[in-house]
Amino acid sequence: MLDYDVVIIGGTAAGRFAALTATHLKARVALIESSNNGQEFSLSAKHSSFVRLRYNQALLEMGRFAKQIRFLQQFTTPIENNSAAEIALEFDIAKLWISGVVSNLEEINSPAALATAGVDIIVGKGEFIVKPDLAFAVNGRLLKSRSFLLATPPQPAIPDIEGLLSTGYFTADSRQLSELKKLPNTLVVIGGDPAGVELAQAFSRLGVRVTMVLKSSHILAKEDADAARLVQASMEAEGVRILTQTEVTQARIIDGKKWIQAGNEAIETDEILVAAGCRMPNLESLNLLAARVDFNEKGLILNNKLQTTNPQIYACTDVTGGYQFANIANYEAKIAVKNALFLPIFKVDYRGIPWAIFSDPQLARVGMTEAQARTRYGDDIVVCREYFKTADKAQIVGETTGFCKLIGRRNGEILGASLVGPQAAELIHSLALAMRQGLKVNAIAELPHIWPTFSEINGKTAAAWQLQSFRSRSFLPNLLENLFHWRRYWNW
């Protein structure tokens, strides 16, 4: 007799989402959450890795508030001594607000909420046992199930820098970040991944002098180059110092101060943030090889149904070595759960799934970049860009930085879109839905968008794409020009 319909291994947001999805389908579910998985994870909201990510998002909002405060200071009424009214942001009070927000968010998928929904939560480390039958051993128990789902958290990729470990650093997912007693005066960010970009800008807006050091030619190397460089320019305009094509070779403590060697320059800093992406978690401790599950340095080897090389064991989220975005991880979790509980007939389709980086301006993308599309389709693409400064709403609220870039084939098929600008993370959804449902550019162009809204930029870009595509066909414009000339001449 089996104990469960599915056993989910891993203390991630996707793991909890998968557990709730399975219980909604009336399955019996066990969720294994480690008390110490290398990231100091526990069931406590204070130490949860994905709760700390929520903390980071709230910190980003606090940085945005700080920017708004400085904007409002332009319109403050002078006081008696003729100086402008000053508005200061108290970090201690801000932390209380952030903690309140995180606490509220944690209650949604808290252990208590999961248990109430019917999920059996087991805290502890375990491994797969293959004899006499496949099972998962944890806390002296053998959990037998029809299928298993791996949803373990990734580990930060720490570059091999001499002295970094002894000097001390934190990552976007470390406890030190959420437990800061006060803001550092200076911060060095090593790497330019999304979390590093977001936190660098947030700390800069809170008054910290931030320096980013990148090996690449610009931040966010996987994104559209034009969009990434615009975000970088905005950050530099706000005071973030960005050193590109520079490698950190050493970190040391000299006279009680932290120093890094970046290229030919020595930089003193109060804190060091490592934002060089993520790497595969420690899967060997799960005894996967004995369970006939193959993996390499990039992650687990999966098919398009998210099955490992052992068809009873599935995987989702960061153990797959893919993108580190929550919406993609949840999508994978839903596919994996349905395949694990029923027949493995559901396949992942990453086309049309958007993601966003919460910098300011925000950067959101779906599908291919322009470079990827040109590599695959050559001249059979049309690329059109429309700037936010042409949208009335952007002018009204004073947020005109950014653009929408639409990439499609000449037949109107949407290949991808990059949005950088205000509310880009919200605006990308309509483009993603059109792409996922196989709608063509004309469908977006012909939708009467509400005025004045930021979403007008999608309609404007699609309309510009239509016009550009029309002009590229010389026969049709010439035919219409001759038609109207003939009608005017004969007064018909």
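This report covers the cores, one pocket and several single residues of a predicted model.

## Nonpolar cores

The largest nonpolar core holds 70 residues. Those with the most contacts inside this core are I8, L149, F203, V210, M212, I219 and M235. Helix α9 gives the core its largest share, 9 residues. A second, separate core has 29 residues, among them I414, A417, A425 and F454. In soluble globular proteins, nonpolar side chains tend to be buried together.

L149 shows who meets whom in the largest core. Neighbours within four places in sequence are left aside here. L149 then contacts V6, V7, I8 and I9, along with A18. Its other partners are Y314, A315, C316, A336 and V337.

## S145 in strand β7

S145 sits in strand β7, which covers residues 145–150. Is S145 buried or exposed? Its relative accessibility is 3%, so S145 counts as buried; the cut-off for buried is under 20%.

The side chain of S145 reaches two backbone oxygens. One belongs to Y4, at 3.3 Å. The other belongs to D5, also at 3.3 Å. Beyond four places in sequence, S145 is in contact with L2, Y4, D5, V6, V7 and Q312. V6 and V7 are contacts of L149 as well.

## The second largest pocket

The second largest pocket encloses about 550 Å³ of space. Its lining has 24 residues, and Y350, R351, G352, G367 and M435 are the closest to the centre. By type, the lining divides into 11 nonpolar, 5 polar and 8 charged residues.

Which elements each supply at least two residues of this lining? They are α9, β22 (362–367), α10 (370–377), β25 (414–421) and α12 (424–436). The largest share, 3 residues, comes from α10. Helix α9 thus appears in this lining and in the largest nonpolar core.

## G352 at the pocket

G352 is one of the lining residues closest to the pocket centre. This glycine lies in the loop between α9 (326–341) and β21 (355–357). Its relative accessibility is 4%, so G352 counts as buried.

What does G352 touch, not counting residues up to four places away in sequence? The partners are V366, A432, M435 and R436. M435 is also among the residues closest to the pocket centre. G352 and V366 are 14 residues apart in sequence, but their C-alpha atoms are 5.9 Å apart in space.

## Backbone features

Most residues other than glycine have a negative phi, and most peptide bonds are trans. The following sites depart from that pattern.

A cis peptide bond joins D360 and P361, with omega about 10°. P361 is in the loop between β21 and β22. Another cis peptide bond joins W451 and P452, with omega about -10°. P452 is in the loop between α13 (441–445) and α14 (456–471).

K26 has a positive phi, near 75°. K26 is in the loop between α1 (13–24) and β2 (29–33). Its relative accessibility is 77%, so K26 counts as exposed. L306 has a positive phi too, near 65°. L306 lies in the loop between β19 (299–300) and β20 (313–315). Its relative accessibility is 2%, so L306 counts as buried.

Terms used. Residues numbered from 1 in each chain as written. Predicted model: local features only at pLDDT ≥ 70, side-chain atom pairs only at ≥ 80, totals over all residues. Heavy atoms only, no water. Helix = DSSP H or I, 4+ residues; strand = E, 2+ residues; numbered from the N terminus. Buried < 20%, exposed > 50% of the residue type's maximum accessible area, 1.4 Å probe, protein only. Contact = heavy atoms within 4.5 Å. Core = buried A, V, L, I, M, F, W, Y, C linked by side-chain atoms within 4.5 Å. 1 Å grid on protein atoms, 1.4 Å probe; cavity = no way out; pocket = protein on both sides within 12 Å on 5 of 7 lines; lining within 4 Å. Points joined across faces, edges and corners; volume = space filled by probe spheres on them. Nonpolar A, V, L, I, M, F, W, Y, C, P; charged D, E, K, R; others polar. Polar contact = N/O pair within 3.5 Å; in protein donor to acceptor, adjacent residues only side chain to side chain.
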